[in-house]
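Trainee: Could you take a close look with me at one part of this model, the place where two helices pack together? I would like to follow it residue by residue.

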Amino acid sequence: MGAADFYGAAALECCGLSDFFDSTFPATGGTPRLFGPEIHRGAMFVQLVQHTPEPEQVVAAAARLCYSDASVDRLLEQSPEERSRLLEKILALGHLSVLEHAAFTFAVEGISRACSHQLVRHRLASFSQQSQRYVSHRKRFAAVVPPSITARPELERRYAELLDQIHGFYRELVEAGVPAEDARFVLPNAAQTKLVLTMNARELRHFFSLRCCHRAQWEIRELASAMLHCARAAAPQLFAGAGPACLSGPCPEGSLSCGKLEQVRREFARPGSAAKES
Ligand SMILES: Cc1cc2nc3c(=O)[nH]c(=O)nc-3n(C[C@H](O)[C@H](O)[C@H](O)COP(=O)(O)OP(=O)(O)OC[C@H]3O[C@@H](n4cnc5c(N)ncnc54)[C@H](O)[C@@H]3O)c2cc1C
C-alpha cells in the first residue's frame with residue numbers, strides 16, 4: 001500500500017493541523033474547535049489539544065494511594081483543599097513519578113526544522129511530525145525567519161532570495177523525477193514543520209526547566225514558554241513553579257549563566273505569565 005493510500009490523499013497536502021483536527025476529531029462530533037488554549041507568536045502556533053481529564057485529581061489520587069488503604073473511589077473524592085495540599089507536598093518533596101499519570105497533547109505549527117530537531121531530543125515524549133517524504137512543496141515551502149535577520153532588511157532580502165532559489169531547485173529535482181524523499185535534502189533548517197506531541201506532566205516540567213531557560217535557543221524557548229502557558233491554564237498547580245531551573249534554586253549553567261536570574265524569576269512568577277497570547 002502506498003503512502004497516499006495509507007494516510008489518505010489529504011495527508012499529502014500541506015493542510016494546517018488545526019484544519020485536520022477540526023474536520024476529523026471524532027470526540028467533538030465535528031465541532032470547529034477542539035480543546036484548550038492556543039497561542040500564536042509570529043509563525044508559531046501552539047495549542048493544547050487534549051489532556052488527561054482532571055489531571056490534578058488523578059495525580060493527587062495516585063499520590064494518596066501510596067500512603068493509604070482507602071478504595072480508589074474514595075481517593076478520587078478528595079476535597080479541592082486536600083488535593084491542593086497534597087500536590088504542594090509532592091512537588092516540594094520531589095515525589096514526581098505520580099505526575100506521569102497526567103498526559104498533555106499539543107499541536108505545534110510554524111516552527112523551523114532547526115527547532116523541531118531540538119524538540120525531538122526529548123526522548124520521553126511522543127511525536128508525530130509532518131513528513132518531508134510524503135508532503136512535497138509545489139508552492140514555496142514556508143520558512144521561519146529569525147528576528148536577528150528580520151532586524152536587518154538587506155540580510156532579510158538576501159535570505160528570502162536564497163530560499164526562493166532553493167525552492168526553485170527543489171522543484172526542478174521533483175519535476176525531473178527525483179523522489180521527494182531525496183529532493184528534500186536541499187531544504188533548509190528554516191523550513192517550517194508541524195507536529196503533534198504528547199508529554200506527561202513530569203516530562204513537561206523537565207522540558208520547561210531546560211527549554212524555558214535563557215540559555216536555550218530563542219525559538220524552542222518561545223515554544224516551551226507557550227506550552228507552559230497552555231499547561232498552566234489546564235493544571236495550574238501541577239505547573240506552579242515550572243519553568244527554568246533557576247526559579248527554584250541557583251542557575252545550573254554556572255559560568256555560562258545568562259545573569260538575569262531576577263528578571264527570569266519575575267517573568268515566570270505569575271501563572272499565565274510565561275508567554276503572552278496574541
Ligand atoms: C541549552 C541547551 C544546549 C544544548 N546543546 C546541545 C548540543 O550542543 N549538542 C547536543 O547533542 N545536544 C544539546 N542539547 C540537548 C541535550 O543534550 C539533551 O539531549 C536534551 O536537552 C534532552 O534532555 P534530556 O536528555 O534531559 O531529556 P529527555 O530525553 O526528555 O529525558 C528526560 C530524563 O529522562 C532520563 N533519561 C532519558 N533517557 C535516558 C537514558 N537512555 N538513560 C538514562 N536516563 C535517561 C534522564 O534523566 C533525562 O534527563 C542542548 C540542550 C540545551 C537545553
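**A pair of packed helices**

Mentor: Happy to! In this predicted model, the axes of helix α10 (residues 201-211) and helix α11 (residues 218-234) come within 9 Å and cross at roughly 140°. Those two values are a good place to start, because packed helices are described by the angle between their axes and the distance between the axes. Angles over 145 degrees count as roughly antiparallel, so α10 and α11 are oblique to each other. The crossing of α10 past α11 is left-handed.

Now look at the side chains that meet there. From α10 come Leu204, Phe207, Phe208 and Arg211, and they meet Ile220, Arg221, Ala224, Leu228 and Ala231 of α11. Sorted by class, this contact holds seven nonpolar residues, two charged ones and no polar ones.

Keep Arg211 in view, since this residue of α10 meets α11 and also belongs to the residues around the ligand. The others around the ligand are Arg121, His122, Arg123, Leu124, Glu203, His206, Leu210, Arg215 and Ala216. By class, that shell has five charged, three nonpolar and two polar residues.

For a second pair to set beside this one, turn to helix α3 (residues 55-65) and helix α5 (residues 80-93), whose axes come within 9 Å and cross at roughly 70°. The helices α3 and α5 are therefore roughly perpendicular to each other. Here Glu56, Gln57, Val59, Ala60, Ala63 and Arg64 in α3 meet Arg83, Leu86, Leu87 and Ile90 in α5. The contact of α3 with α5 has six nonpolar, one polar and three charged residues.

Technical notes
Residues are numbered from 1 along each chain as its sequence is written. This is a predicted model: local features need pLDDT of at least 70, side-chain atom pairs count only at pLDDT 80 or more; totals for chains, interfaces and linings use all residues. Axes are lines fitted to C-alpha atoms, for helices over the stretch in contact, and angles run from 0 to 180 degrees between N-to-C directions. Helices (H or I, at least four residues) and strands (E, at least two) are DSSP runs, numbered from the N terminus. Angles under 35 degrees count as roughly parallel, over 145 as roughly antiparallel, 65 to 115 as roughly perpendicular and the rest as oblique. A crossing is left-handed if the near helix is turned anticlockwise from the far one by less than a right angle, and right-handed if clockwise. Two residues are in contact if their C-beta atoms, placed from the backbone, lie within 7 Å. Ala, Val, Leu, Ile, Met, Phe, Trp, Tyr, Cys and Pro count as nonpolar, Asp, Glu, Lys and Arg as charged, and the others, Gly among them, as polar. A residue is near a molecule or strand if its C-beta atom, placed from the backbone, lies within 6 Å of it.
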